[in-house]
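Trainee: I keep meeting words like "buried" and "contact". Could you show me how each one is earned?

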Amino acid sequence: MNIDLTLAIIVTLVSASTPILLAALGELVVEKSGVLNLGVEGMMLTGAVVGFAVTFTTGNPWVGILAAAFAGVAASMIFAFLTLSLSSNQVATGLALTIFGAGFSALFGQPYTGKPIELFKSIFPAELAAHPVFKVIFGYSPLVYFSLIMVVLVWWFLQKSRAGLILRAVGESDNSAHSIGYSVIGVRYGAVAFGGAMAGIAGSCFPLILTPQWVEGLTSGRGWIALALVVFAAWKPFRLLAGAYLFGLIATMELYAKAAGGPFRILPSEVWASLPYLATILVLVLISLRRTGHTSAPACLGKPFIPST
Amino acid sequence: MQLRLEKRAEPSRTMLYVTPLLAVGLTMILGAIIFSLMGFDGLGAVREIFLTPLTNSLKWQDLAVKAAPLIIIGVGLSIGYRANVWNIGAEGQYIIGGLAATGVALATINMTGWWILPLMGLAGILGGMAYVAVPAFLRVRLKVNEILTTLMLTYVSVNILNYLVFGPWKSARSFGQPVTDRFTLDQTLPYIIPGTIVQAGAPIAIIVAIIAWFAMSKSVFGFQIRTVGTAPMAARYGGFSANQTIWLALLIGGGLAGLAGMLEVAGPFGRMVPQFPNNYGFTAIIVAFLGRLNPLGVILAGIVLAITFVGGEVAQTTIGLPNAAVGIFQAMMLFLLLASDILVRYKFKLVSPQKLERIA
């Protein structure tokens, strides 16, 4: 395999991994606080359609990303209010959010179908960004660098900061955190909002980095894969980075299989298309095999908070 | 005066039945407001989606046709959810069931006999069961979360459908269109009410729901499902195997979804096409919840959601409301149902300042 092809694969891989990485990072923080938000796919779709629409209307992708983040937060607040203030079933509410996000994005995106926008290209000077070799480092959209910075920030926040410690305490033992005086509900609201913002930005990656137009259901299940990745990464940000890029590699192979033909033709294209989803199942099986008995999930994950006083 | 939430001594039965109605009613009100804000004709949308299918008698047969698969899948899911087993991949099991039935139909396309349709039905049920068996096995043996596995397989099932319909099963007579051969009369469901489009799927749905209600409320099996779902420890003391329950819950859900798939492909569709998946498997999740996980409630909830589907089509032609709007109404119903769930466990109380002082 020549160097050009390798570099091209790396560039595509990184871009393909970014939305999943962003969404999964957000969900990681949410789950660390003890909340299971299955609505990631819905929030991503909301972010994708709003990000697209605002970028199309204003011509400014930065504003588009900001709008996508806000949209994600707004969507997540519906979930937060239902599960945190009204103690509704988290699994069902997350599903409802996904269905809502799908419907909302389909409706909102209708007038924008088929209209193209500009890809959100690298902000580095063209000599570096388009350089045949250095493009591997400098050729990416700002969203990619943002995602990598966020991996470090999330890790630092959770492991090294006091606020992160409180968040983890809320996720591991909500009643203890409550008796010390921390607002469990407040912390979880914040975490869910962060998850919503990240999912919204992740959604905006689709029209801004990958395919510069809006199609219904643009995210095609990546939100669900992000959920699986959080489990795969055992709730650790750097493992999440590895998992996201592994997934990006598989997704990239599908693209190259379609284009390259040759030895890839032995399998029908539908098999390649199924590969990301089958790989996700495989990944889930592998982590279940790996774990001997105890799980590293936050102890209060998915349980509504009921103060025991 | 302060409005407080006070926990009830025990969950309110009246609220259990009232909250779904409340959810639907609030959806209509909230939906009208939101859609008006978005620039559509809000009141018109609600009228066309919710009321016209009920008042226009021509639409009743559409309701029956749309409600049947929703009820069948919804019943299967409700049994599983009762046991705390979250099968989200009903859409995939529905597709595979339809494909299995199609396979039998294509293999017997040149034969005749009364046995073909039941064989297709069996194939549909077994196909759905086989497809859910993998997530079931992974859940029981390796504790892999069934939400993710069933969902991933749904995406895979769409690819399987596309492969078959664009490839080996493409009809030679279809001028290149990715569709299978049309099913023969022996392979299509009979029309139950002459002069309408209502086929055997509708009465089958009702029968399935009644059998399920009977099993869930009167049989030991139903007791097992409900106990494992609400009190797993007590269930273990009682000798109920959690693993067996998970298997049964998933197999029933998968089998019924597969049956619905067969009834759809042998009924309204009459052949397998790429447009076969129409989200019934996901809408059935809403049906199961709206029906309060009770098979009889699922019948009503299935009709309600069928109303939104039929109403959505009506609204598209009469006031130009995009079909996607229906999804928003359906999600809103689920949101509002989950939100009003709190009324089952808590009640609102007006507390006067004097009482507050006494408590403090």
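Mentor: We will take the terms one by one.

Mentor: This is a predicted model, where local features need pLDDT of at least 70, side-chain atom pairs count only at pLDDT 80 or more, and totals for chains, interfaces and linings use all residues. Residues are numbered from 1 along each chain as written, chains are lettered from A and ligands numbered from 1 in the order written, and side-chain values use heavy atoms, without hydrogens and water.

Trainee: Why is A:Cys205 called buried?

Mentor: Buried means under 20% relative accessible area, exposed over 50%, partly exposed in between, with a 1.4 Å probe and protein chains only. A:Cys205 has 0% relative accessibility, so it counts as buried. A:Cys300 has 8%, so it counts as buried too.

Trainee: How many disulfides are there over all chains?

Mentor: A disulfide is a pair of cysteine sulfur atoms within 2.5 Å. By that rule the count is zero over all chains.

Trainee: What makes B:Asn84 partly exposed?

Mentor: Its relative accessibility is 39%, so B:Asn84 falls in the class between the two cut-offs. B:Asn84 lies in the loop between α3 (60-82) and α4 (90-107) of chain B. Helices (H or I, at least four residues) and strands (E, at least two) are DSSP runs, numbered from the N terminus. B:Asn84 also has a positive phi of about 65°, although it is not a glycine.

Trainee: Why is a positive phi worth a remark?

Mentor: Most residues other than glycine have a negative phi. A:Ser87 has a positive phi as well, about 50°. A:Ser87 has a relative accessible area of 18%, so it is buried.

Trainee: What puts the buried residues of α8(A) on the same side?

Mentor: Helix α8 of chain A covers residues 162-172, and A:Gly164, A:Ile166, A:Leu167, A:Val170 and A:Gly171 are buried there. They cover an arc of only 160° around the axis, so they sit on the same side of α8(A). The arc is that of the directions from the helix axis to the C-beta atoms. An α-helix has 3.6 residues a turn, so residues three or four places apart point the same way.

Trainee: What covers the buried residues of α8(A)?

Mentor: The cover includes α1 (3-32), α7 (142-160), α9 (174-180) and α10 (184-210) of chain A. Contact means heavy atoms within 4.5 Å. A:Ser33, in the loop between α1 and α2 (40-58) of chain A, touches A:Leu167, A:Val170 and A:Gly171, among others. A:Ser33 has 0% relative accessibility, so it is buried.

Trainee: How do you know that α11 of chain A is mostly covered?

Mentor: Ten of its eleven residues, in the run 222-232, are buried. They include A:Trp224, A:Leu227 and A:Phe232.

Trainee: How many residues does each chain give to the contact between chain B and chain A?

Mentor: Chain B gives 36 residues and chain A gives 41. The area buried between them is about 3400 Å², and carbon and sulfur atoms give 84% of it. Buried area is the accessible area (1.4 Å probe) that two parts lose on being put together, summed over both. In chain B, B:Leu148, B:Met152 and B:Phe335 lose the most area to chain A, together 19% of what that side buries.

Trainee: How many salt bridges cross the interface of chain B and chain A?

Mentor: A salt bridge is a side-chain nitrogen of Lys or Arg within 4 Å of a carboxyl oxygen of Asp or Glu. The rule finds zero across this interface.
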